[in-house]
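Visitor: Please take me through a close look at one part of this model, namely the shell around the ligand. I should also like to know how the elements that build it are joined to the rest.

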Amino acid sequence: MKEFYDVLVIGGGPGGALAAKTAAETGLSVLLVEKRPAIGVPVRCAEGIGKDALAEFIEADPKWIAASVERAVLIGPNGTKFTISNEAAGGKVGYVLDRKVFDRELVWRAVEAGAEIQVHARASAPIMIGGSVQGAIIHQHGKIYEVRAKVVIAADGVESKFPKWAGIDTTVPLWELETCVQYIVNDIDIDPKANVFYISNEACPWGYIWIFPKGPRSANIGIGIAGTKSGEGHRAKDYLDRYLAKEFPNGKVTELIVGGVPVCRPLECSVADNLIIVGDAARLSDPITGGGIYNAMYTGKLAGNVAAAAIKNGDTSKKALMVYDKTWRDSHLGKTLVRNYAVKESFIKMDDKKLNSIVHSMSDMQIEDLSVKKLVLAIFKENPWLALELPHLLKAL
Ligand SMILES: Cc1cc2nc3c(=O)[nH]c(=O)nc-3n(C[C@H](O)[C@H](O)[C@H](O)COP(=O)(O)OP(=O)(O)OC[C@H]3O[C@@H](n4cnc5c(N)ncnc54)[C@H](O)[C@@H]3O)c2cc1C
């Protein structure tokens, strides 16, 4: 580890890997530090990503694709189903990754581009001079390093602390932090070509249960519930265990993971002097699905490019880096986050009776070229009472 780099990236997830690769490709000196001893583990993810979304960054490789999915199935509280084909979803249904391998591949590509990677290397504080970030204190194997950089990219994920230490409020309200538990369940009868989403406020309050296939008879089966809905005897794991006992009583569990997903609005500002915040650290996961792999890669790549341009121009001030914040907010990603937050807010607290009525009304829908907007408009058409209950949502679409 050297004392000085052009760019220091904190976190070796998809956001950090893309940021490091992109900045290194421009010829800058780049260091990526990852606090865990190995990239990609433990996996805290259901590993689903759209085929088109993935293709923006990397060619699909069977060595890190666990399953290729052809449809998504939404199941309402009483078991009513609504199926969306991959074509209708515009390529949004896609792959179930093997992130243990995928995340390593992304970081390896950053190494190939010239970035230096240090694992088991934890950033414990920013180096602040004159109120601005100038680098970070890194702990590795019992030693402490002071690493300075022209730009620091915080890609430290949902548990992000680095921006907070630098004075940016990154707090996620508890009710907007989904608390998640997931098992890999084997030897079960599933549709290996379908990602399944089960919604019910009784069975998974303010969240959903997912079944994402990892093979013909195995799947990631998990649940996310609002942090405020969790308590003694009704934690996410209790809800998931009840669901498994009912639906897959003979399934063999070989892995358990827990994790959090922010479903709040993004940070008010994702840059500061010499600092860019990407992916989950900037609270950029999708408020409806909790999906954040694409969003992390998108903002990681953008951050790498913006950092490189700012360094080349000799101005890494907040003002110069604001182009990063503005670009993602004005992009399809920023617009989707605003719209999906409004949709999530509108539907998340609905009781099972209303959810049943909505999913039932969807079951006969034939929608080509499906988008969240088109789907919500079709739901409003079939359920006129929603216009009275959610008048603001139509404006937000
Ligand atoms: C249960 C669950 C299911 C999910 N399912 C999906 C899904 O199906 N599809 C989808 O798209 N998204 C899903 N997500 C969300 C997805 O995992 C994240 O959005 C994505 O990983 C964000 O990438 P990132 O690079 O921003 O952060 P991360 O992937 O979290 O990477 C951050 C990295 O920073 C490291 N780090 C943290 N602090 C420090 C420090 N101080 N110093 C050094 N390193 C540090 C961490 O160890 C970590 O490796 C799911 C999340 C959970 C919890």
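The answer below starts at the shell and then moves outward.

Guide: The model is predicted: local features are given only where pLDDT is at least 70 and side-chain atom pairs only at pLDDT 80 or more, while totals for chains, interfaces and linings use all residues. Residue numbers begin at 1 in each chain and follow its sequence as written.

The ligand is surrounded by 41 residues, of which the closest are Gly11, Gly13, Gly157, Gly279 and Gly292. A residue belongs here if its C-beta atom, placed from the backbone, lies within 6 Å of the ligand. By class, 16 of the shell residues are nonpolar, 16 are polar and 9 are charged. Here Ala, Val, Leu, Ile, Met, Phe, Trp, Tyr, Cys and Pro count as nonpolar, Asp, Glu, Lys and Arg as charged, and the others, including Gly, as polar. Two or more shell residues come from each of α1 (14–25), β2 (30–34), β3 (48–50), β9 (121–129), β12 (177–186), β16 (252–262) and α6 (293–313). These helices (H or I, at least four residues) and strands (E, at least two) are DSSP runs numbered from the N terminus.

Among the elements of the shell, α1 and α6 also pack against each other. Their axes are 7 Å apart and form an angle of about 30 degrees; the axes are lines fitted to C-alpha atoms over the stretch in contact, and angles between N-to-C directions run from 0 to 180 degrees. The two helices are therefore roughly parallel, a term used for angles under 35 degrees. On the side of α1, the contact is made by Pro14, Gly15, Gly16, Ala17, Leu18, Ala19, Lys21, Thr22 and Ala23. On the side of α6, Ile293, Ala296, Met297, Thr299, Gly300, Lys301, Ala303, Gly304, Asn305, Ala307 and Ala308 take part. Residues count as in contact if their C-beta atoms, placed from the backbone, lie within 7 Å. The residues of this contact comprise 11 nonpolar, 7 polar and 2 charged ones.

Helix α1 has another partner, α3 (residues 99–112), and the two axes come within 8 Å and cross at roughly 20 degrees. Helices α1 and α3 are therefore roughly parallel as well. In this contact Pro14, Ala17, Leu18, Ala20, Lys21 and Ala24 of α1 meet Asp103, Leu106, Val107, Arg109 and Ala110 of α3. Of these residues, 8 are nonpolar, none is polar and 3 are charged.

Strands β2 and β3, which give residues to the shell, are linked by a loop that holds Pro42. The peptide bond between Val41 and Pro42 is cis, with omega at about -10 degrees. Another backbone detail lies in the loop between β10 (132–140) and β11 (143–154), where His141 is found. His141 has a positive phi of about 50 degrees, although it is not a glycine.

The view can now widen to the domains, whose bounds come from an automatic or database domain assignment. The assignment gives domain 1 (4–44 + 100–172 + 266–330), domain 2 (65–94 + 173–262) and domain 3 (349–396). Domain 1 and domain 2 each supply at least three residues to the shell around the ligand.

Domain 2 also touches domain 3, and their C-alpha centres lie 22 Å apart. That contact involves 16 residues of domain 2 and 15 residues of domain 3. On the side of domain 2, strand β6 (residues 81–85) provides the largest share, 3 residues. This side has 8 nonpolar, 6 polar and 2 charged residues.

One further helix pair completes the account. The axes of α8 (residues 332–347) and α10 (residues 372–382) lie 11 Å apart, at an angle of about 30 degrees. Helix α8 is therefore roughly parallel to α10. Here Arg339, Asn340 and Val343 of α8 meet Val372, Lys373 and Val376 of α10, a contact with 3 nonpolar, 1 polar and 2 charged residues.

Definitions and conventions:
Parallel < 35°, antiparallel > 145°, perpendicular 65-115°, else oblique. Contact = placed C-beta atoms within 7 Å.
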